[in-house]
Amino acid sequence: MNRMEMNMRKILFLVLCAASMLASAQEVTLDSCRHMALRNNKEIQQASLAIEKAGYQRKEAAAAYLPQFDLTAGYIYNSRKMSLIKEDQMLPTKSFNMQTGTYDYNLVIDPRTGAPLQVDGQYVPSTVALLPKSGLTFNVHNLMGGALTVTQPIYMGGKITAMNQVTELAGQLAREMRESKVEDVIYNVDAAYWQVVSLCAKQKLARSYVDLLQKLDDDVKSMVGQGVATRANQLAVDVKLNEANVDLTKVNNGVTLSRMLLAQLCGLPVTTLMTLADEGRDDLNLALAPSAFNLDEVYDKRHDVRSLVLATKIYDQQVKVARSEMMPKLAAVAALHATNPNSYNGFENRFGAAFSIGATLQVPLWHWGGLSNKVKAAQVDAAVKRLELDDAKEKIALQISQAAFRYQEAFKTLEATKANLDQANENMRIADLAFKEGMGTIDEVLTAQTAWLKANSEKIDAEIDVQLTYEYLTKVMGTMNY
């Protein structure tokens, strides 16, 4: 590869990089940033998975109403056979006695006495039945068995119903928690978005201020050459110009960092170049917040309050679950079981099957207070959740009042900054005119320009503060529009 080809490849690479940067520099709106953040946020994705999990748990709880089928199988190898007797057995026999109508043992008769013969106190049978050990020895080297059981709950003390209620409420809770995270993400994205808009406005303001000082610096240099201004005047302007350039550099860095933060919140690479739809506007369309609110309606709209209400209901159901442990439990059971060797037919080496059906009843009698204390502990947990709900409602009322006051203060501050900016514009015009007519000083012009910069900066801050306090107020009132 020669040097010319290498240079051509480098040029092509730079062109492609520039094209990709231009393609990535696109104008985005606030809604676009919100959609990207909601689509890419990991916490919201986790909350969505929690909703999916709650759905599975709901189906799991509903399955408890239905019969449960289970298959059990096993195998055991034994090293020895099994015998029911240790040796051959001689069993005495009986014959029917026509005179008495009963069965009598066949015994040896002593010819001397005519009575049954006894040896060591035991009668001696005249005939016996042989029961050989081999006949009662079974091959159990390989034991196999299995059972197919069906269990149908009939009454579980209300536990199944309570658990179904718990899982249903848990699904609703997962959805409310996801919506709460959505509002948090949107509020953070809005704050980052308006921060970029604010810094872009300040960047534009800082450039305008630098241009003003640069023009003043050029005029003063001409006046110094003409002998109508002093070197000290020029140095004063130079100091202000240097300070303005430093401030412009800081604002430029702030804009870059704020854009990176917004891109990160939107789930984009931090190097993504985005032009915001509102960053070039001189005045923002500021919405008016409601002046009155109903706390009951706020409680109904707030996702965190609704989450606490659902949590309270869940803990109430947990009390029922704990109480079910103290109740009788009734279930119907049926089973099809098989064994090899066949225990139903002389332990022959083949499978034998049978069917059985029945019911089980479990009645707790005495557990030394363990079950009752479990119920009391669940009741305490439910009471704690109710207190948390009441406490949250009290704090929300204060939170809304504080947010409303902050919004009103921000709006009044904005009106004041507009009036201050008008005054600063007029003062700078007068000072500049007086300086050109030779009736004003450099210090007066610099002071007027500094006041103009401050008034513009305060107006920008006030506009963004109104926007953010409005967003926060709608968030705490549960009326955020997204």
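Strands here are DSSP runs of E, at least two residues long, numbered from the N terminus. By that rule, T102 sits in strand 6, which covers residues 102–105. The model is a predicted one, and T102 is a handy place to start reading it. With a relative accessible area of 36%, T102 falls between the 20% and 50% cut-offs, so it counts as partly exposed. Setting aside residues up to four places away in sequence, T102 touches S95, F96 and N97.

Stepping back to the whole protein chain, the secondary structure adds up to 9 helices and 14 strands. The overall shape is not that of a ball: the radius of gyration is 47 Å, whereas a compact globule of 482 residues would come in near 23 Å. The box that holds the C-alpha atoms tells a matching story, at roughly 175 × 75 × 35 Å along the principal axes. Of the 482 residues, 29% count as buried. The accessible surface comes to about 30,000 Å², and carbon and sulfur atoms account for 58% of that surface. As for charge, there are 51 positive and 54 negative side chains, with the centres of the two sets 8 Å apart.

Contacts reach well along the sequence. Taking contacts between residues at least 6 apart in sequence, 80% join residues that are at least 24 apart. Q317 gives a local example. This residue is part of helix 7, which spans residues 303–324, and its relative accessibility of 12% is under the 20% limit, so Q317 counts as buried. Beyond its neighbours up to four places away in sequence, Q317 touches A162, Q165, V166 and L169.

Aromatic rings come next, and the structure holds 6 aromatic pairs. One of them brings together Y193 and W194, whose ring centres are 5.2 Å apart and whose planes meet at 85°; that angle is over 60 degrees, so the pair is edge-to-face. Both partners are tucked away: Y193 is buried at 0% relative accessibility, and W194 is buried at 5%.

Y407 and Y470 make another aromatic pair, this one tilted, with 6.2 Å from centre to centre and 50° between the planes. Because Y407 belongs to helix 8 (residues 370–436) and Y470 to helix 9 (residues 442–476), the pair ties together parts that are 63 residues apart in sequence. Y407 is buried too, at 7% relative accessibility. F411 joins in as well, as ring pairs link Y407, F411 and Y470 into a cluster.

Two spots in the backbone deserve a look. Most peptide bonds are trans, and most residues other than glycine have a negative phi. Against that background, N340 and P341 are joined by a cis peptide bond with omega at about 10°. P341 lies in the loop between strand 13 (329–340) and strand 14 (352–362). A relative accessibility of 3% puts P341 among the buried residues. Leaving out neighbours within four places in sequence, P341 is in contact with N139, V140, N142, L143, F347, E348, N349 and R350.

The other spot is W368, which has a positive phi of about 55° although it is not a glycine. W368 is found in the loop between strand 14 and helix 8. Its relative accessible area of 74% is over the 50% cut-off, so W368 counts as exposed.

Finally, distance along the chain and distance in space can be set side by side for two pairs of residues. P341 and S401 are 60 residues apart along the chain, and their C-alpha atoms are separated by 81 Å. E297 and I400, in turn, are 103 residues apart in sequence and 13 Å apart in space, C-alpha to C-alpha. E297 belongs to helix 6, residues 295–301, and is partly exposed with a relative accessible area of 46%.

Terms used
Residues numbered from 1 in each chain as written. Predicted model: local features only at pLDDT ≥ 70, side-chain atom pairs only at ≥ 80, totals over all residues. Heavy atoms only, no water. Helix = DSSP H or I, 4+ residues; strand = E, 2+ residues; numbered from the N terminus. Rg over C-alpha atoms; globule rule 2.2 N^0.38 Å. Buried < 20%, exposed > 50% of the residue type's maximum accessible area, 1.4 Å probe, protein only. Contact = heavy atoms within 4.5 Å. Areas by Shrake-Rupley, 256 points an atom, 1.4 Å probe, with all protein chains shown as cover. Lys, Arg positive; Asp, Glu negative; His and termini not counted. Charge placed at Lys NZ, Arg CZ, Asp CG, Glu CD. Phe/Tyr/Trp six-rings, centres within 6.5 Å; stacked < 30°, edge-to-face > 60°.
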